[in-house]
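I opened this model to look up three things: the interface, the salt bridges and the enclosed space. My notes are below.

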Amino acid sequence: VEHKPPSSLGALWLHATVLGIVLLAEAIGIGRLQLGFGTVIFLPILYAFALGIAVNPHIFKNMARVIPSSAVKLSGVMITITIMPFIAKFGTTVGPQIEKIIAAGPALILQEIGNLGTIALAFPVAVFLLRMGRESIGATYSIDREPNLALIAERYGLNSPEGAGAMGVYATGTLIGTFIFALMPPLVHALGIFDFRALAMSCGVGSGSMLAACTGGLVAILPDEKDLILALAAASNILTYATGLYVSLFVALPLTEWLYRKARPHDPANHRHQKNQEART
Amino acid sequence: MNASNATPNQADAQLPFANEDERKVPVAGHSALLLIACAIALIGNWVATGTHPIAALPGMVVLYVLCVLGLLLARYMPFYLPRIAWASLLAIVVTLPGVPGSSWITQQVGALDFLAMATPALAYGGLALTQTEFAIARRSGWKIIVVAICVMFGTFIGSVIIADLALRASGQ
């Protein structure tokens, strides 16, 4: 017999579960795995995410006996709430380092263009290597977090091929993005080519959890540079919040659309989309 | 730039961006939820750093106030900025050297570990997943997973290369 508590009791269950997960994750602490060429960093945020999935009654039906399904309803809202103190804490690291931030200003602004690296790397892979269709446009024009997904939904609808591509990258990013972003910076740093400040200011990609993972990984290998790493990452993340959507709208999406038409001029779906646009205007 | 203009789709309702309009959220209700979030983060910080919650409390109160102001500004300002953008801007301003109280604030929030502040959000994140995300990933197939990894690596390495060149060019 499934027990269905009233919503306030469900909410209490949810917060208590999260508290338990947080305590366990923090008690395990940061883990390091030394590989030949670099260090793989395991962060408490990764354990917390994995534990959250492990006890999620929507994913594992047996868990509904422990945590009622009604309890997890509030968790979507709670993500957007709990990320706020984290982002505010990040902001407070900028003020004390403001002179170094201003000194790095040109690099900080220019690296925002680097977010078009999604197209430079992933578009050829999708179109030429994997022979994907117009899914490639939605999948590669941006990192496909919530604002980018909303833009694709508005332009093409989520039922379109472009929408399917964007949703696929969104879902994959949600599931493994934290892991990927904890993994990359220490390994790229191990190449010995790049200034750590360049790595730090590349952590602001417009997703709170990816930002946390990326800076967490960097700070774990460069603890002495913690203050500057946090400040640069915070500054770049704020820039991405401010500019990301406009770059997506006016540069990235038109560029990807144009590239696709050049790469696949005979795709009949190009024509379909063009007609839709004409009909709308 | 609003998801509500999009073609109606069953998937929309289950994805986070469609959940709420920040201009319509109840500030009081969210401020109460924010209290719970801060309490959990404070205890997590205790385990992560060994700093007693009482010692870290002033810093957490500062973050709480910044967040509530962020909620209010996102709700009532005549032009729209996301609340996390408002909270970030305020956090920068109150820690700038020369701003009254900035050194006290910097010292107090220093008792809070930045990663410990993110842990509760990821725990809620794991619990917020539904079958939808897994179903989308499965339906999209392995190709989209390869592309997604290229997308994540691409945005990071693209920024790293440009930032590194810019730092070198300016002789830093």
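The entries follow in that order, after a note on conventions.

Conventions. I worked on a predicted model, in which local features need pLDDT of at least 70 and side-chain atom pairs count only at pLDDT 80 or more, while totals for chains, interfaces and linings use all residues. Residues are numbered from 1 along each chain as its sequence is written, chains are lettered from A and ligands numbered from 1 in the order in which they are written, and side-chain values use heavy atoms, with hydrogens and water left out.

Interface. I counted contacts (heavy atoms within 4.5 Å) and found 118 residues of chain A touching 93 residues of chain B. I then looked up the buried area, that is, the accessible area (1.4 Å probe) that two parts lose on being put together, summed over both. For chains A and B it is about 9,200 Å², and carbon and sulfur atoms give 80% of it. On the chain A side, E26(A), M84(A) and K89(A) lose the most area to chain B, together 7% of what that side buries.

Polar terms. I used the salt-bridge rule of a Lys or Arg side-chain nitrogen within 4 Å of an Asp or Glu carboxyl oxygen. Over all chains I get six salt bridges, and one across the interface of chain A and chain B. K226(A) pairs with D113(B) in a salt bridge, at 3.9 Å from N to O. Within chain A, I noted R134(A) and E162(A), whose closest N and O atoms are 2.6 Å apart. R134(A) sits in the loop between α6 (117-129) and α7 (135-140), and E162(A) in helix α9 (residues 161-190), 28 residues apart; helices are DSSP runs (H or I, at least four residues), numbered from the N terminus.

Enclosed space. I searched for cavities, meaning sets of points on a 1 Å grid over the protein atoms alone where a 1.4 Å probe fits but cannot get out; lining residues have an atom within 4 Å of a point. The count is one cavity of 30 Å³ or more. Its volume, the space filled by probe spheres set on the points, is about 40 Å³. Which residues line the largest cavity? I listed I87(A), F90(A), G91(A), L211(A), A234(A), N237(A), I238(A), Y241(A) and S88(B). α12(A) gives the most to this lining, with four residues.

Key: On a 1 Å grid over the protein atoms alone, a cavity is a set of points where a 1.4 Å probe fits but cannot get out, and a pocket is an open set with protein on both sides within 12 Å along at least five of seven lines; lining residues have an atom within 4 Å of a point. Helices (H or I, at least four residues) and strands (E, at least two) are DSSP runs, numbered from the N terminus.
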